[in-house]
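Here is my note for your first look at this structure. Keep the 3D view open and follow the points in order.

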Amino acid sequence: MQSRWFEFGGDTIVRADKYIRLASDLQSRTGWIFSKVPLTATNWEIEFEFKIHGKGNLHGDGMALWITKQRATGGPIFGSVDKFEGLGIFFDTYKNNRPGVTFPYVMAMVGDGQTSYDKNTDGKDQELAGCSARGIRGAAIPTKARLTYFQDQSLKLELRYKAEDEWTLCFETSAVAIPSVAYLGFSAETGELSDNFDIISVETKNMYTTVASSEAKVDTSSSGKSKGRPKARRAGGGWGWFFVKIVLVGVAIGGGYVGWTMYKTSKRHSRFD
């Protein structure tokens, strides 16, 4: 199966009417899917639905969202390359060595192209920001993540796994440098322990504030539950949305916007080596 906008590899399984399975509930599986077209918007939001599930009580290793210069290459870091340049968001489901931290754990790392992710410490020294997310694996509701980026201002990750009407703030940090030309991708890896790592749907928006950029309002409530968001809107006009039943869909148009969505039917559904 081929797509004009995306390519996938490794052990990725595409079920166009259900999901893209990056890695299956079997030992030593890795898979990835990346956009062929760079994400060039200055400010953007990525929201995706995913599902981490499997048999047994022991499971691993994890999955990742990537916005990097590198693309479409398998590797040892949740199924993609080490020493990447750009942003990685890691959904780590197996605890190697992080005393006092509850897993699953979700963290961000900004790669400079030279620094390695340390598997032995679950990326403790490479972490930009993160949060524990117990219950995100095998959740009773459709799980989602929403990553919002405003250049030179903020990077925010929200998670939905406790209740369908509740978004939990995982982290919000300021001024993260992301390559001007970067590709959006997902990957996953299993080792001695395993799980199914599925992507159900993905949607991206070009964002812009309705007030001066310095006045963009964000929720910094210490409760962790997200109650507010930056005043931003999806770009209108001729951008449009494209829907393709086969895999995912979307394209950067005019260098200012990326939108992509996987077709979704009503049936919704580690260890490191």
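1. How many bridges join strand 5 to strand 11? There are seven, and these two strands run antiparallel. Strand 5 spans residues 44–53, and strand 11 spans residues 143–150. Find Glu47 on strand 5. The bridge partner of Glu47 in strand 11 is Arg146. Bear in mind throughout that this is a predicted model.

2. Now step back to the sheet around that pair. Seven strands form an open sheet in the order 2-3-15-5-11-12-13. The pairing in this sheet is antiparallel. Strand 2 (13–15) and strand 13 stand at the edges. Each has a single partner strand, so one side of each is left without a neighbour in the sheet. On average, neighbouring strands here are turned by 25° against each other, with direction ignored.

3. Move on from strand 11 to strand 12. The two pair in the antiparallel sense over seven bridges. They form a hairpin, with three residues between the strands. Look at Asp152 in that turn: its phi is positive, at about 65°.

4. Stay with strand 12, residues 154–163. This strand is mostly covered, with eight of its ten residues buried. Its next pairing is with strand 13, again antiparallel and over seven bridges. Strand 12 and strand 13 also form a hairpin, with two residues between them. To check the register, pick Leu155: its bridge partner in strand 13 is Thr173.

5. Arg146 deserves a second look. We met this residue as the bridge partner of Glu47. Arg146 also stands opposite Glu158 in strand 12. Which ring does Arg146 lie over? Arg146 lies over the face of Trp167, at 4.0 Å from the ring centre. There is another case to find in the model. The charged end of Arg98 sits over the ring of Tyr105, 5.0 Å from its centre.

6. Next comes another open sheet. Its seven strands follow the order 1-4-14-6-8-9-10, with antiparallel pairing. Strand 1 (6–10) and strand 10 are the edge strands, and each pairs on one side only. Neighbouring strands of this sheet are turned by 15° against each other on average, direction ignored.

7. Inside that sheet, inspect strand 6 (residues 62–68) and strand 14 (residues 183–189). Seven bridges join them, and they run antiparallel. Thr68 is a good place to start: it stands opposite Tyr183 in strand 14.

8. How many disulfides does a search of the whole structure find? The search finds one. This disulfide joins Cys131 to Cys170, with an S to S distance of 2.1 Å. The pair links distant parts of the chain, since Cys131 is in strand 10 (residues 129–132) and Cys170 is in strand 13 (residues 166–174), 39 residues apart. The angle about the S-S bond is -110°, and the link is left-handed. Are the two cysteines buried or exposed? Both Cys131 and Cys170 are buried.

9. Finish with the aromatic rings. The count comes to 13 aromatic pairs. One aromatic cluster is formed by Trp66, Phe78, Phe84, Phe90 and Tyr117. Select those five residues together and see how their rings are grouped.

Technical notes
Residues are numbered from 1 along each chain as its sequence is written. This is a predicted model: local features need pLDDT of at least 70, side-chain atom pairs count only at pLDDT 80 or more; totals for chains, interfaces and linings use all residues. Side-chain values use heavy atoms; hydrogens and water are left out. A disulfide is a pair of cysteine sulfur atoms within 2.5 Å. Helices (H or I, at least four residues) and strands (E, at least two) are DSSP runs, numbered from the N terminus. Buried means under 20% relative accessible area, exposed over 50%, partly exposed in between (1.4 Å probe, protein chains only). Rings of Phe, Tyr and Trp (its six-membered ring) pair if their centres lie within 6.5 Å; planes under 30 degrees apart count as stacked, over 60 as edge-to-face and the rest as tilted. A charge sits over a ring if NZ of Lys or CZ of Arg is within 6 Å of the ring centre and within 35 degrees of the ring normal. Two strands pair if DSSP finds at least two bridges between them. Axes are lines fitted to C-alpha atoms, for helices over the stretch in contact, and angles run from 0 to 180 degrees between N-to-C directions.
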